[in-house]
Amino acid sequence: MKRKDKVVGAILISCMGLFIYSPVWAGTISGHADCKGAKSNQWVVVYVDTIAGKEFSPPLEPAAVDQKGKEFIPHVLPILKGTTVDFLNDDPFAHNVFSPDDTADQVNLGSWKQGERKSHTFSKLGNAVMLCNLHPEMEGWIVVLPTPYFAVTDEKGDYTIKDVPDGKYTLKTWHQKLGPSQSEATVTSTASAKVDFTLTKQ
Ligand SMILES: [Cu+2]
(Lines give C-alpha, C1' and ligand atoms only; values in the text may rest on other atoms or scores of the structure.)
Protein backbone atom coordinates (compact mmCIF):
# COMPACT_ATOMS: atom_id res chain seq x y z
CA MET A 1 0.00 0.00 0.00
CA LYS A 2 1.31 3.43 -0.90
CA ARG A 3 1.92 5.88 1.90
CA LYS A 4 -0.76 8.23 0.51
CA ASP A 5 -3.31 5.39 0.46
CA LYS A 6 -2.45 4.54 4.07
CA VAL A 7 -3.06 8.14 5.14
CA VAL A 8 -6.39 8.27 3.28
CA GLY A 9 -7.37 4.93 4.84
CA ALA A 10 -6.49 6.14 8.32
CA ILE A 11 -8.55 9.29 7.84
CA LEU A 12 -11.51 7.26 6.58
CA ILE A 13 -11.36 4.93 9.58
CA SER A 14 -11.13 7.91 11.94
CA CYS A 15 -14.19 9.47 10.33
CA MET A 16 -16.13 6.21 10.66
CA GLY A 17 -15.13 6.07 14.31
CA LEU A 18 -16.42 9.57 14.88
CA PHE A 19 -19.66 8.68 13.12
CA ILE A 20 -20.19 5.52 15.17
CA TYR A 21 -19.19 6.92 18.54
CA SER A 22 -20.52 10.47 18.29
CA PRO A 23 -23.04 10.87 21.13
CA VAL A 24 -26.61 12.02 20.56
CA TRP A 25 -26.86 15.30 22.40
CA ALA A 26 -29.68 15.23 24.89
CA GLY A 27 -31.01 17.31 27.74
CA THR A 28 -33.70 17.52 30.35
CA ILE A 29 -37.14 19.09 30.48
CA SER A 30 -38.39 19.83 33.98
CA GLY A 31 -40.87 22.06 35.74
CA HIS A 32 -43.97 22.28 37.86
CA ALA A 33 -47.68 21.74 37.32
CA ASP A 34 -50.19 23.75 39.32
CA CYS A 35 -53.58 22.01 39.40
CA LYS A 36 -56.38 24.49 40.04
CA GLY A 37 -59.40 22.81 41.58
CA ALA A 38 -57.80 19.38 42.06
CA LYS A 39 -56.91 17.73 45.38
CA SER A 40 -53.18 17.79 44.63
CA ASN A 41 -50.62 18.59 41.94
CA GLN A 42 -49.67 14.92 41.64
CA TRP A 43 -50.45 12.54 38.78
CA VAL A 44 -50.17 15.01 35.92
CA VAL A 45 -48.62 13.34 32.86
CA VAL A 46 -46.28 15.71 31.00
CA TYR A 47 -45.13 14.43 27.60
CA VAL A 48 -43.48 15.36 24.32
CA ASP A 49 -46.14 15.20 21.62
CA THR A 50 -45.73 13.47 18.24
CA ILE A 51 -42.42 14.36 16.54
CA ALA A 52 -42.86 14.66 12.76
CA GLY A 53 -41.17 11.79 10.93
CA LYS A 54 -40.30 9.92 14.14
CA GLU A 55 -41.63 6.50 15.12
CA PHE A 56 -40.59 4.78 18.33
CA SER A 57 -40.42 1.05 18.97
CA PRO A 58 -42.14 -0.01 22.18
CA PRO A 59 -39.92 -1.44 24.93
CA LEU A 60 -39.37 -5.20 24.89
CA GLU A 61 -39.88 -5.35 28.66
CA PRO A 62 -43.48 -4.94 29.83
CA ALA A 63 -44.52 -2.12 32.14
CA ALA A 64 -46.35 -3.09 35.33
CA VAL A 65 -49.32 -2.03 37.42
CA ASP A 66 -49.82 -3.64 40.82
CA GLN A 67 -53.09 -4.15 42.64
CA LYS A 68 -52.33 -3.80 46.33
CA GLY A 69 -54.48 -2.64 49.25
CA LYS A 70 -57.36 -2.33 46.78
CA GLU A 71 -55.46 0.28 44.78
CA PHE A 72 -53.89 0.39 41.35
CA ILE A 73 -50.21 1.22 41.83
CA PRO A 74 -49.18 3.50 40.26
CA HIS A 75 -52.45 5.39 40.05
CA VAL A 76 -51.40 6.80 36.65
CA LEU A 77 -49.02 4.99 34.28
CA PRO A 78 -47.84 6.70 31.07
CA ILE A 79 -46.51 4.34 28.39
CA LEU A 80 -45.29 4.50 24.80
CA LYS A 81 -47.81 3.21 22.24
CA GLY A 82 -47.39 -0.54 21.74
CA THR A 83 -46.20 -1.21 25.29
CA THR A 84 -47.49 -4.31 27.08
CA VAL A 85 -48.61 -3.78 30.66
CA ASP A 86 -48.57 -6.60 33.23
CA PHE A 87 -51.34 -6.33 35.81
CA LEU A 88 -50.28 -8.00 39.06
CA ASN A 89 -52.31 -8.96 42.09
CA ASP A 90 -50.52 -8.43 45.42
CA ASP A 91 -53.59 -8.79 47.64
CA PRO A 92 -54.64 -12.02 49.40
CA PHE A 93 -57.93 -11.98 47.49
CA ALA A 94 -59.01 -11.88 43.85
CA HIS A 95 -59.04 -8.79 41.64
CA ASN A 96 -60.39 -8.15 38.17
CA VAL A 97 -59.16 -5.67 35.55
CA PHE A 98 -61.36 -4.22 32.85
CA SER A 99 -61.70 -0.95 30.94
CA PRO A 100 -64.70 0.55 29.14
CA ASP A 101 -62.35 2.69 27.00
CA ASP A 102 -61.41 2.13 23.34
CA THR A 103 -57.79 3.02 24.16
CA ALA A 104 -57.74 -0.28 26.09
CA ASP A 105 -59.83 -2.11 23.44
CA GLN A 106 -62.58 -2.33 26.10
CA VAL A 107 -60.61 -5.21 27.54
CA ASN A 108 -61.79 -7.46 30.35
CA LEU A 109 -58.91 -9.58 31.61
CA GLY A 110 -61.08 -11.62 34.00
CA SER A 111 -60.13 -12.07 37.64
CA TRP A 112 -57.12 -13.74 39.24
CA LYS A 113 -55.56 -14.38 42.60
CA GLN A 114 -52.50 -13.18 44.49
CA GLY A 115 -49.15 -13.69 42.80
CA GLU A 116 -50.63 -14.04 39.33
CA ARG A 117 -50.65 -11.56 36.49
CA LYS A 118 -52.37 -10.88 33.19
CA SER A 119 -51.25 -8.52 30.48
CA HIS A 120 -52.60 -6.27 27.76
CA THR A 121 -50.82 -4.49 24.91
CA PHE A 122 -51.94 -0.89 24.37
CA SER A 123 -51.78 -0.05 20.66
CA LYS A 124 -54.00 3.05 20.53
CA LEU A 125 -53.08 6.58 21.62
CA GLY A 126 -55.21 8.09 24.36
CA ASN A 127 -56.11 7.30 27.92
CA ALA A 128 -57.94 4.42 29.53
CA VAL A 129 -59.45 4.08 32.97
CA MET A 130 -58.73 0.67 34.47
CA LEU A 131 -61.33 -0.71 36.87
CA CYS A 132 -61.97 -3.79 39.00
CA ASN A 133 -65.49 -5.21 38.93
CA LEU A 134 -64.96 -6.81 42.36
CA HIS A 135 -64.03 -3.50 44.05
CA PRO A 136 -65.90 -0.56 42.50
CA GLU A 137 -63.74 1.95 44.43
CA MET A 138 -60.61 0.90 42.53
CA GLU A 139 -59.52 3.14 39.66
CA GLY A 140 -56.25 3.53 37.76
CA TRP A 141 -55.23 5.15 34.48
CA ILE A 142 -53.05 4.14 31.54
CA VAL A 143 -52.00 7.03 29.28
CA VAL A 144 -50.74 5.86 25.87
CA LEU A 145 -48.31 8.31 24.28
CA PRO A 146 -46.62 8.88 20.90
CA THR A 147 -43.07 9.37 22.25
CA PRO A 148 -41.00 7.84 25.06
CA TYR A 149 -40.34 11.29 26.55
CA PHE A 150 -42.76 11.63 29.45
CA ALA A 151 -42.99 11.98 33.22
CA VAL A 152 -45.59 12.12 35.99
CA THR A 153 -45.66 14.90 38.56
CA ASP A 154 -44.80 14.04 42.17
CA GLU A 155 -46.68 15.10 45.33
CA LYS A 156 -45.40 18.66 44.91
CA GLY A 157 -46.30 18.85 41.23
CA ASP A 158 -42.71 18.62 39.98
CA TYR A 159 -41.63 16.57 36.99
CA THR A 160 -38.42 15.77 35.10
CA ILE A 161 -38.17 14.25 31.62
CA LYS A 162 -34.61 13.00 31.09
CA ASP A 163 -32.59 12.19 27.96
CA VAL A 164 -34.62 14.21 25.47
CA PRO A 165 -32.59 14.69 22.26
CA ASP A 166 -31.78 18.28 21.34
CA GLY A 167 -34.67 19.87 19.50
CA LYS A 168 -37.82 21.94 19.64
CA TYR A 169 -40.92 20.16 20.91
CA THR A 170 -44.55 20.58 21.83
CA LEU A 171 -45.11 19.55 25.43
CA LYS A 172 -48.58 18.50 26.52
CA THR A 173 -50.23 17.55 29.79
CA TRP A 174 -52.89 15.03 30.73
CA HIS A 175 -54.84 14.94 34.00
CA GLN A 176 -57.76 12.67 34.84
CA LYS A 177 -60.07 15.58 35.72
CA LEU A 178 -58.49 18.82 34.51
CA GLY A 179 -58.29 20.07 30.94
CA PRO A 180 -55.19 19.62 28.75
CA SER A 181 -52.53 22.29 28.37
CA GLN A 182 -49.50 22.67 26.15
CA SER A 183 -46.30 24.63 25.71
CA GLU A 184 -43.21 24.73 23.50
CA ALA A 185 -39.87 23.47 24.82
CA THR A 186 -36.40 23.78 23.34
CA VAL A 187 -33.87 21.24 24.56
CA THR A 188 -30.13 21.66 24.30
CA SER A 189 -27.50 19.58 26.01
CA THR A 190 -26.04 22.68 27.64
CA ALA A 191 -29.25 24.08 29.13
CA SER A 192 -32.20 22.16 30.50
CA ALA A 193 -35.63 23.43 29.53
CA LYS A 194 -37.88 24.67 32.34
CA VAL A 195 -41.59 24.52 31.57
CA ASP A 196 -44.35 25.18 34.11
CA PHE A 197 -48.04 24.50 33.58
CA THR A 198 -51.26 25.68 35.15
CA LEU A 199 -54.11 23.20 34.73
CA THR A 200 -57.71 24.25 35.10
CA LYS A 201 -61.10 22.60 34.75
CA GLN A 202 -62.22 22.09 31.16
CU1 LIG B 1 -60.23 -5.52 42.98
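1. Cys132 is buried in this predicted model, and His135 is buried as well. Both residues take part in binding a metal, for the protein donors of the copper ion are His95 through ND1, Cys132 through SG and His135 through ND1, and these donors lie 2.0 to 2.2 Å from the ion. Read along the sequence, the donor residues of the copper ion follow the spacing H-x36-C-x2-H.

2. Turning to the chain as a whole, the reader will find one helix and 17 strands in the protein chain. Of its 202 residues, 40% count as buried. When contacts between residues at least 6 apart in sequence are considered, 62% of them join residues at least 24 apart.

3. The largest pocket has a volume of about 270 Å³. Its lining includes residues from several parts of the sequence, among them Gly37, Lys39, Trp43, His75, Glu139, His175 and Leu178. Sorted by character, the lining residues of the largest pocket comprise three nonpolar, six polar and three charged ones.

4. One of the residues lining that pocket, His75, deserves a separate look. His75 is placed in the loop between β4, which covers residues 71-73, and β5, which covers residues 76-80. Leaving aside residues up to four places away in sequence, His75 touches Trp43, Glu139, Gly140, Trp141 and Gln176. With Glu139 there is also a polar pairing to inspect, since a polar atom of the His75 side chain lies 3.2 Å from the backbone oxygen of Glu139.

5. The loop between β4 and β5 also holds Pro74, and a student checking the backbone there should note that the peptide bond from Ile73 to Pro74 is cis, with omega near 0°.

6. Two further backbone details concern positive phi values. Lys70, a residue other than glycine, has a positive phi near 55°, and Lys70 is found in the loop between β3, residues 63-68, and β4. Is Lys70 buried, exposed or partly exposed? Lys70 counts as partly exposed because its relative accessibility is 34%, and the partly exposed class lies between the limits of 20% and 50%.

7. Asp105, likewise a residue other than glycine, has a positive phi near 55°. The place of Asp105 is in the loop that runs between β7, residues 95-98, and β8, residues 108-112. With a relative accessibility of 32%, Asp105 therefore counts as partly exposed.

Conventions. Residues are numbered from 1 along each chain as its sequence is written. This is a predicted model: local features need pLDDT of at least 70, side-chain atom pairs count only at pLDDT 80 or more; totals for chains, interfaces and linings use all residues. Side-chain values use heavy atoms; hydrogens and water are left out. Donors are N, O and S atoms within 2.8 Å of the metal (3.2 Å for Na, K and Ca); water is not among the atoms, so sites may look incomplete. Buried means under 20% relative accessible area, exposed over 50%, partly exposed in between (1.4 Å probe, protein chains only). On a 1 Å grid over the protein atoms alone, a cavity is a set of points where a 1.4 Å probe fits but cannot get out, and a pocket is an open set with protein on both sides within 12 Å along at least five of seven lines; lining residues have an atom within 4 Å of a point. Grid points are joined across faces, edges and corners, and a volume is the space filled by probe spheres set on the points. Ala, Val, Leu, Ile, Met, Phe, Trp, Tyr, Cys and Pro count as nonpolar, Asp, Glu, Lys and Arg as charged, and the others, Gly among them, as polar. Helices (H or I, at least four residues) and strands (E, at least two) are DSSP runs, numbered from the N terminus. A polar contact is a pair of N or O atoms within 3.5 Å; within protein, one must be able to donate a hydrogen and the other to accept it, and residues adjacent in sequence count only if both atoms are side-chain atoms. Contact means heavy atoms within 4.5 Å.
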